[in-house]
Amino acid sequence: MHKFRMTALLAFALGLFGAMQANAAGLVVGGKNFTEQLILSSMTQQYLNAKGYTASLKNGLGTTIMRQALESGQIDIVWDYTGTALVVYNKIDEKLDRDQSYQRVKELDAPRKLVWLQPSELNNTYALAVPRQRAEDEGLNTIEDLADRINQAGKQDPDKKYLMGMDFEFASRPDGLEPLQALYGFSLDRSQVKQMDAGLVYTALRNDQLNVGLTYSSDGRVQGFNLKLLQDNKGFFAFYSAVPVVRQEILDANPKLAEQLNALSAKIDTAKMTEMNKKVDIDQLPIAQVAADFLRAEGLI
């Protein structure tokens with residue numbers, strides 16, 4: 001019995017020592033290499049420091065590099081997207097709704113000791129956008145409206161072609177343009193599909209060089225360039241809900257951390273994120289300032 005108690009005490013002490021080490025080393029917040037991720041990671045670092053943690057920042061990373069760093073313990077906390085976890089990390093192309101996507105990635109990462117906390121209302125998915133004035137003139141509110149317009153334009157004047165801009169990947173990927181056209185019942189010939197760098201799509205829409213373009217739903221240029229996102233009324237695009245993801249070891253060492261990060265997540269949605277992205281990409285404000293202003297406005301610091 002004595003030997004058993006000593007073994008149990010030793011195991012407890014080692015576990016406590018490990019937890020103290022995880023806590024004493026501070027928290028490393030990771031982030032990817034685009035505006036939204038730079039804002040989210042900066043916001044999280046500032047928020048945690050205000051809560052009394054010692055948090056450092058390791059952002060500007062590629063998607064797979066960030067994920068590898070999280071799995072290997074080089075990073076403790078990230079914001080990731082349910083769609084990315086399904087498609088990129090787990091190679092799942094099954095159509096799932098918002099809640100199903102979240103539950104699936106949560107289950108898939110549990111054996112890896114990675115915990116998906118509460119999802120925010122930020123959904124950074126693909127979207128079709130049109131210049132706002134064109135949307136008003138043509139009565140475009142949904143992708144179904146757009147499909148009807150494309151079909152009508154082709155019948156009325158075959159020479160008046162509707163032009164759609166998109167990145168190179170979406171034009172050819174198996175869950176891209178072709179199935180989108182099949183679901184919504186419209187058809188574009190090769191001359192109507194303009195493939196370009198994703199960032200150039202926004203500029204071409206602003207300059208009225210495209211009728212419609214493939215964008216991201218929370219990109220700041222949607223607001224900055226006065227574009228309108230068409231409602232995906234048939235649910236073609238996957239959900240990319242932004243969620244804080246934390247290593248289980250870090251949550252065990254910091255009992256209040258999950259609740260605190262969930263409180264932050266609850267304050268973030270697509271509209272607020274779009275505004276923050278705009279402040280950085282269009283208004284050229286510093287990322288750290290935009291993140292801090294949001295935290296203060298929401299009463300988080």
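1. Which strand gives the largest share of the lining of the largest cavity? The answer is β8, with 3 residues. Keep in mind throughout that this is a predicted model.

2. Start with that cavity. A search of the whole structure turns up 1 cavity of 30 Å³ or more. The largest cavity has a volume of about 40 Å³. Its lining consists of Y126, M166, D167, A198, Y202, L214, T215 and Y216. Try picking these residues out in the structure. Both α10 and β8 (212-216) supply at least two residues of this lining. By class, the lining of the largest cavity holds 6 nonpolar residues, 1 polar and 1 charged.

3. Now turn to the pockets. The largest pocket encloses about 770 Å³ of space. It is lined by 28 residues, and those closest to its centre are F34, T63, N124, Y126 and Y216. Two of these names should look familiar. Y126 and Y216 also line the largest cavity.

4. Which helix gives the most to the lining of the largest pocket? That helix is α4, with 4 residues. Four helices each supply at least two residues here: α2, α4 (82-89), α10 (198-206) and α14 (270-281). The classes in this lining are 9 nonpolar, 10 polar and 9 charged.

5. The second largest pocket has a volume of about 370 Å³. Its lining counts 23 residues, and K95, D175, F236, F237 and A238 lie nearest its centre. Helix α4 appears again: it provides the largest share of this lining, 3 residues. The lining of the second largest pocket divides into 13 nonpolar, 3 polar and 7 charged residues. Set that beside the largest pocket, with its 9 nonpolar, 10 polar and 9 charged residues.

6. Next comes helix packing. Two packed helices are described by the angle and the distance between their axes. Three pairs are worth checking in turn.

7. Take α2 (residues 35-50) and α15 (residues 287-297) to begin with. Their axes come within 8 Å and cross at roughly 60 degrees. The two helices are therefore oblique to each other. Their crossing is right-handed. On the α2 side, the contact uses L38, I39, S42, M43, Q46 and Y47; on the α15 side, it uses I287, A288, A291, A292, F294 and L295. The residues of this contact comprise 10 nonpolar, 2 polar and no charged.

8. How do α2 and α14 lie to each other, roughly parallel or roughly perpendicular? Their axes come within 10 Å and cross at roughly 105 degrees. An angle from 65 to 115 degrees counts as roughly perpendicular, and α2 and α14 are therefore roughly perpendicular to each other. T35, E36, I39, L40 and M43 of α2 make the contact with M273, M276, N277, V280 and D281 of α14. The classes in the contact of α2 with α14 are 6 nonpolar, 2 polar and 2 charged. I39 and M43 also appear in the contact of α2 with α15.

9. The last pair is α14 and α15. Their axes come within 9 Å and cross at roughly 150 degrees. That makes α14 roughly antiparallel to α15. The crossing of α14 past α15 is right-handed. From α14, the contact takes K272, M276, K279 and V280; from α15, it takes I287, V290 and F294. This contact of α14 with α15 has 5 nonpolar and 2 charged residues, and no polar ones.

10. Put the pairs together. M276 and V280 of α14 touch α15. M276 and V280 of α14 also take part in the contact with α2. On α15, I287 and F294 meet α14, and I287 and F294 meet α2 as well. Helices α2 and α14 have another role too: each supplies at least two residues to the lining of the largest pocket.

Methods. Residues are numbered from 1 along each chain as its sequence is written. This is a predicted model: local features need pLDDT of at least 70, side-chain atom pairs count only at pLDDT 80 or more; totals for chains, interfaces and linings use all residues. Side-chain values use heavy atoms; hydrogens and water are left out. Axes are lines fitted to C-alpha atoms, for helices over the stretch in contact, and angles run from 0 to 180 degrees between N-to-C directions. Angles under 35 degrees count as roughly parallel, over 145 as roughly antiparallel, 65 to 115 as roughly perpendicular and the rest as oblique. A crossing is left-handed if the near helix is turned anticlockwise from the far one by less than a right angle, and right-handed if clockwise. Contact means heavy atoms within 4.5 Å. Ala, Val, Leu, Ile, Met, Phe, Trp, Tyr, Cys and Pro count as nonpolar, Asp, Glu, Lys and Arg as charged, and the others, Gly among them, as polar. On a 1 Å grid over the protein atoms alone, a cavity is a set of points where a 1.4 Å probe fits but cannot get out, and a pocket is an open set with protein on both sides within 12 Å along at least five of seven lines; lining residues have an atom within 4 Å of a point. Grid points are joined across faces, edges and corners, and a volume is the space filled by probe spheres set on the points.
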